[in-house]
Amino acid sequence: MKTEPARFDMSIPPTPTKWYLRPLTYLVSLPSLLHHRPVIRRYGMEGIRPPYLLLCNHNAFLDFKVATKAIFPHRANYIVAIDGFIGREKLLRDVGCICKRKFTDDIGMIRHLRISVQQGNVLIIYPEARYSLCGTTAVLPVSLGKLCRLLKVPVVSLICHGHHVNSPFWNLHDRGVAPTEAEMRLLFTPEELQEKTADEINRRIVEVFQYDDFAWQKERGIRVTYKKRAEGLHRVLYQCPACGKEFRMRSEGALLQCTSCGKSWKMTELSELEACDGNTEFAHIPDWYEWQRKNVRREVEEGTYSSGELPVHVDSLPNAKRYIRLGNGTLIHDMNGFHVSGIDFDGDPFQMEKPVPSLYSCHIEYNYLGKHGDCIDLNTLTDTWYIYPEGNDFSVTKMALATEELYYAYRCGIGKPCAPGLA
C-alpha cells in the first residue's frame, strides 16, 4: 500500500523574528549590501513605524537583502514560496517567513497576515509573486486593494532598480552593478485606505510599480562587461522577429541568434541589442518581450493557442523536505488552461487541471537549480508540481504569457483591455 507523504502544515501561525536572529538577518545581508551599495530614498516615511504593509517589486534575491536594510532594526514577516523552505523550514519560520503556494487562493493566509500586523510587524509581500522575466513589472493581483483595506495599516512600497540588470532571472551570475537604487514610499495611511475604493488603491499601486531595469541602466550609463551577458536570454526572447519562427533562438557569450534564419544580435554593455547584420528590430529587450506577448494575444483572440501535447516528467513538493519524482506524463496548455496527466512509478494515474479562470499568471523556472531544465510550477493548496517539458518545441515563457492573456480574455472579454498591470 502506497504511503502518502506528509503535507506542509500551512495552519501554523506566523511568529515574529526571534530576537537573536534579527541582527543575523542584517549580517547575512551585509556582504551584498557593501558590494552593491544600494541607495534607498524615502518619501513620506517620517513617523511611520510598524505595523505596516511593505509591497516590494521582485527581480532577484538581492531584493530581500535591500528590504532588510530598508526596515532595519524592525522585525518582519515575509511571504515566501514553499520551495524556499526546502531543508530549512524551522530557520525560515524562526526569521518570520510565512509559507505560500504560488497563485493559489488560500483563505488561511488572510488569517496569518492579520496576525502579523497584530503582532506589530512589518509585513513584506512581493505581489508579483515571481522574479520579473525581463526587468519590467509583472502582473499584479486585483485582490491587492481589498487586502490593503482589510489590514488597516499603512501601505508602503519598496521599488528597487538595478537588481535585474545585476542578476537577471535567465542568467543569475552577479555582474557587480553598483550602486543600485530603491525608493521607499508611503502610499496610504489607514485613514486614506478607508476613504478609497479597492480599485482606487489598485490604480495607485500599479502606478508606483512601473519600472524598467534596462531603461534605468541606460539612463545611468551603467556598463556590464560580463562576457557571457546574453547567455540565457533566448529563454525569454524565444521568437525570432526576423523570420517569425519560435523556439529556435539560442544564446552564447554576448550573442543571441536564430538557428532557423541565422540572424544574430549582439547585447552591448548597456544591455541594448544590435543586429550583427541588417535592421535591428528591437534594441530594447522589453520591447521584444512585449512583441511576443502581442503575438500570443493574437493566438488567444483567434482561439488557436495551444502548446500541443508535450512529454513531461513531474516532481512533487508536498512538504519542505525534498522533491519527489512523481512520474512521466503529458502536458497540454491551450484555450482551456493547463492539463497534466501521467502514470506514477507505482502504476497509478495522476492528473492536475488548471482551468483558465483559476490562474491569472503562473510561475516558471529557467534551467531550475542550474541542472533540471525549464519548468512550469503549478500548485494546489496541498501540493506543488514542477513540470519539465522534454524536447525543444516549447517555451515556458510563452506559456506564462499565454496564461496571462487567456485570463485577460476570460475576465475582460476578447479584444477588450483590462486595467493596466492588474490580473
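**Notes on helix α11 and the seven-stranded sheet**

1. Let's start at the end of a helix: G413 comes right after α11 and has a positive phi, near 95 degrees. Helices here are DSSP runs of H or I with at least four residues, strands are runs of E with at least two, and both are numbered from the N terminus.

2. Before going on, please keep in mind that this is a predicted model, in which local features need pLDDT of at least 70, side-chain atom pairs count only at pLDDT 80 or more, and totals for chains, interfaces and linings use all residues. Residues are numbered from 1 along each chain as its sequence is written, and side-chain values use heavy atoms, leaving out hydrogens and water.

3. At the other end of α11, S395 caps the N terminus, with a side-chain oxygen 3.2 Å from the backbone nitrogen of T397. Of the 17 residues in α11, 15 are buried (under 20% relative accessible area, 1.4 Å probe, protein chains only), so this helix is largely enclosed by the rest of the structure.

4. Now the sheet: its 7 strands form an open arrangement in the order β1-β7-β6-β2-β5-β3-β4, with mixed pairing; two strands pair if DSSP finds at least two bridges between them. β1 (39–43) and β4 (97–100) are the edge strands, each with a single partner, so one side of each lacks a neighbour in the sheet.

5. Within the sheet, β6 (residues 155–161) and β7 (residues 181–188) run antiparallel and are joined by 7 bridges. H161 has E181 in β7 as its bridge partner.

Definitions and conventions. Buried means under 20% relative accessible area, exposed over 50%, partly exposed in between (1.4 Å probe, protein chains only). A polar contact is a pair of N or O atoms within 3.5 Å; within protein, one must be able to donate a hydrogen and the other to accept it, and residues adjacent in sequence count only if both atoms are side-chain atoms.
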